[in-house]
Every structure is written in C-alpha cells, then in structure tokens.
Amino acid sequence: LWAMTNKYTLDRIEKDQYVFLKRPDETEELLVPMQKVHQDLKEGDIVEIIPATETEKMKITVLHEETQDMKEKVSNLLEKLKNKK
C-alpha cells in the first residue's frame, strides 16, 4: 500500500488532460486523461489520488478544506502585495 501521501494540486487543463503537480514541492507532474475522471475539478483544487489497481479504478478525492485554506492564503498574499504599492 501507499505509505506516502498522494496529494496533488490541479495546476491546469491541457488538451484533454488534467495536469496535477505533486505536493508539497509541486515539481513532479501527473497527467490524467479527463475521461478517466468522473467529477468536476477546477484549477487550484487540492486532491488526493489513489492509483488504480487490478481490481479498482483510480480514485480522486477533492480535499475541500485544504483547497479552501490554500485559496485563502493566496488571496491574503495578493492583498498584501496590492497594499505595498
């Protein structure tokens, strides 16, 4: 089984693929064809991905709380930058 966390940020949608960046350093890309994902994902979503096995399909779970926290942090940083002018 997977000991490490499989958390990714949805960076962008390119052609017919989702481009995920592995957290926390976000240097490793994971490409997932859109037809393999049966839910609505938005850029910036933080997800947990459980890889497919012989008997089970890949599972993607949106981590809503972590996504919201990250969006708030980014929003706060942008506000700070705007106020520095």
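Begin by selecting V74, which counts as partly exposed because its relative accessibility is 41%, where partly exposed lies between buried, under 20% relative accessible area, and exposed, over 50% (1.4 Å probe, protein chains only). V74 sits in helix α1, residues 64-83; helices (H or I, at least four residues) and strands (E, at least two) are DSSP runs, numbered from the N terminus. Add L78 and L81 to the selection, and with V74 they make a nonpolar surface patch of about 270 Å². Such patches consist of residues with over 30% relative accessible area and no salt bridge, with nonpolar side chains (Val, Leu, Ile, Met, Phe, Trp, Tyr) joined within 5 Å and like charges within 9 Å, and accessible areas come from the Shrake-Rupley method with a 1.4 Å probe, for which only the protein chains shown count as cover for residues.

This is a predicted model, in which local features need pLDDT of at least 70 and side-chain atom pairs count only at pLDDT 80 or more, while totals for chains, interfaces and linings use all residues. Residues are numbered from 1 along each chain as its sequence is written, and side-chain values use heavy atoms, with hydrogens and water left out.

Staying in helix α1, select T67, which is buried because its relative accessible area is 5%. Leaving aside neighbours within four places in sequence, T67 is in contact (heavy atoms within 4.5 Å) with G44, D45, I46 and V62.

Move next to V62 in strand β5, residues 59-62, which counts as buried because its relative accessibility is 14%. Beyond four places in sequence, V62 touches Q39, L41, D45, I46, V47 and T67. V62 also belongs to the largest nonpolar core, whose eleven residues include Y8, F20 and I60; a nonpolar core is a set of buried Ala, Val, Leu, Ile, Met, Phe, Trp, Tyr and Cys residues joined through side-chain atoms within 4.5 Å. Strands β1 (7-14), β2 (17-22), β4 (46-50) and β5 each supply at least two residues of this core.

Finally, select R12 and E29, whose side chains meet in a salt bridge at 3.0 Å, N to O, a salt bridge being a side-chain nitrogen of Lys or Arg within 4 Å of a carboxyl oxygen of Asp or Glu. The pair links distant parts of the chain, with R12 in strand β1 and E29 in strand β3 (residues 29-33), 17 residues apart. Adding D11 and E14 shows the network of salt bridges that links these two residues with R12 and E29.
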